[in-house]
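Student: Please pick one part of this structure and take me through it slowly, from one end to the other. I'm new to this, so spell out the cut-offs as you go.

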Amino acid sequence: MMLDLATPSLLFSAISLILLAYTNRFISYAGIVRSLKEKHEKDPDPRNLQQIDNLRKRLYLIRAMQILGILSLLFCVIAMFFVYVEWLNPAAWIFGIALLLLAASLGVCIWEINISVKALEIHLKDIRSK
């Protein structure tokens with residue numbers, strides 16, 4: 001396998017877009033947490049606590065997704081440096097690690113999406129019961 005500078009750099013735009021999506025999710029959840037906290041302080045409701053617990057899990061997962069994505073980007077940069085200085089074997093291994101980190105980030109994203117669906121199911125149960 002021939003690894004050149006262009007190979008690791010191909011992931012830059014993909015990882016950047018993924019990190020932007022993760023950050024948008026984080027910002028959205030942070031706003032919801034603040035809103036639910038205020039709502040719960042005014043009118044305590046166990047369902048709000050369920051949602052807050054669910055959001056807490058999701059925020060931690062998003063943090064993990066972001067860290068894994070950033071590490072993937074960092075390893076791509078390191079791989080590019082190693083290609084630049086013509087250390088091709090270490091470059092290939094480091095690029096492989098970058099790919100695994102990106103895959104792990106996407107796997108955590110799938111986990112977080114499943115938890116998000118469960119949160120929406122709580123709302124749907126409320127609507128059905130009324």
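Tutor: Let's follow helix H2 and the residues that come up along the way.

A quick word on the ground rules first. This is a predicted model, where local features need pLDDT of at least 70 and side-chain atom pairs count only at pLDDT 80 or more, while totals for chains, interfaces and linings use all residues. Residues are numbered from 1 along each chain as its sequence is written, and side-chain values use heavy atoms, with hydrogens and water left out.

Helix H2 covers residues 46-84, which makes 39 residues. Helices here are DSSP runs (H or I, at least four residues), numbered from the N terminus. You can check the length yourself: the expected span is 1.5 Å times one less than the number of residues. For H2 that gives 57 Å, and the end C-alpha atoms are 57 Å apart, so the two agree.

Just ahead of H2, Pro-44 sits in the loop between H1 and H2. Pro-44 is exposed, at 59% relative accessible area. Those words have fixed limits: buried is under 20% relative accessible area, exposed is over 50%, and partly exposed is in between (1.4 Å probe, protein chains only). The C-alpha atom of Pro-44 is 24 Å from that of Ile-27, with their positions 17 residues apart along the chain.

Now step into the helix. Arg-56 and Asp-53 meet in a salt bridge, 3.0 Å from N to O. To count as a salt bridge, a side-chain nitrogen of Lys or Arg must be within 4 Å of a carboxyl oxygen of Asp or Glu. The two partners are three residues apart in H2, so about one helical turn separates them. Both are partly exposed: Arg-56 has 43% relative accessibility, and Asp-53 has 41%.

Arg-58 is where H2 reaches out to other parts of the chain. It forms a salt bridge with Glu-112, and the closest N and O atoms are 3.6 Å apart. Glu-112 belongs to helix H3, so to speak a distant part of the chain, 54 residues away from Arg-58 in H2. Arg-58 counts as buried, at 7%, and Glu-112 is buried too, at 0%. Glu-112 has another partner in Arg-25, with the closest N and O atoms 2.6 Å apart. That second pair ties H3 (residues 88-129) to helix H1, across 87 residues. Arg-25 is partly exposed, at 23%. Back to Arg-58 and Glu-112: their bridge belongs to one network of salt bridges with shared partners, made of Arg-25, Arg-58 and Glu-112. A search of the whole structure finds four salt bridges.

Arg-58 also lies over the face of Tyr-29, at 4.2 Å from the ring centre. The rule for a charge over a ring is that NZ of Lys or CZ of Arg is within 6 Å of the ring centre and within 35 degrees of the ring normal.

Further along H2 comes Val-77, which is partly exposed at 40%. Its C-alpha atom is 9.4 Å from that of Ala-98, 21 residues away along the chain.

Next come the aromatic rings. The structure holds two aromatic pairs. In one of them, Phe-81 and Phe-82 have ring centres 6.1 Å apart and planes at 50°, so the pair is tilted. Here, rings of Phe, Tyr and Trp (its six-membered ring) pair if their centres lie within 6.5 Å; planes under 30 degrees apart are stacked, over 60 edge-to-face, and the rest tilted. Phe-82 is buried at 17%, whereas Phe-81 is partly exposed at 44%. Ring pairs link Phe-81, Phe-82 and Trp-87 into a cluster.

Phe-81 also joins a nonpolar surface patch with Leu-5, Tyr-84, Val-85 and Trp-87, about 530 Å² of accessible area together. Areas come from the Shrake-Rupley method with a 1.4 Å probe, and patch residues need over 30% relative accessible area and no salt bridge, with nonpolar side chains joined within 5 Å and like charges within 9 Å. Leu-5 comes from the segment before helix H1 (6-42) and is partly exposed at 38%.

Past the end of H2, Glu-86 lies in the loop between H2 and H3. Its phi is positive, near 65°. Most residues other than glycine have a negative phi. Glu-86 is exposed, at 67%.

Definitions and conventions
Helices (H or I, at least four residues) and strands (E, at least two) are DSSP runs, numbered from the N terminus.
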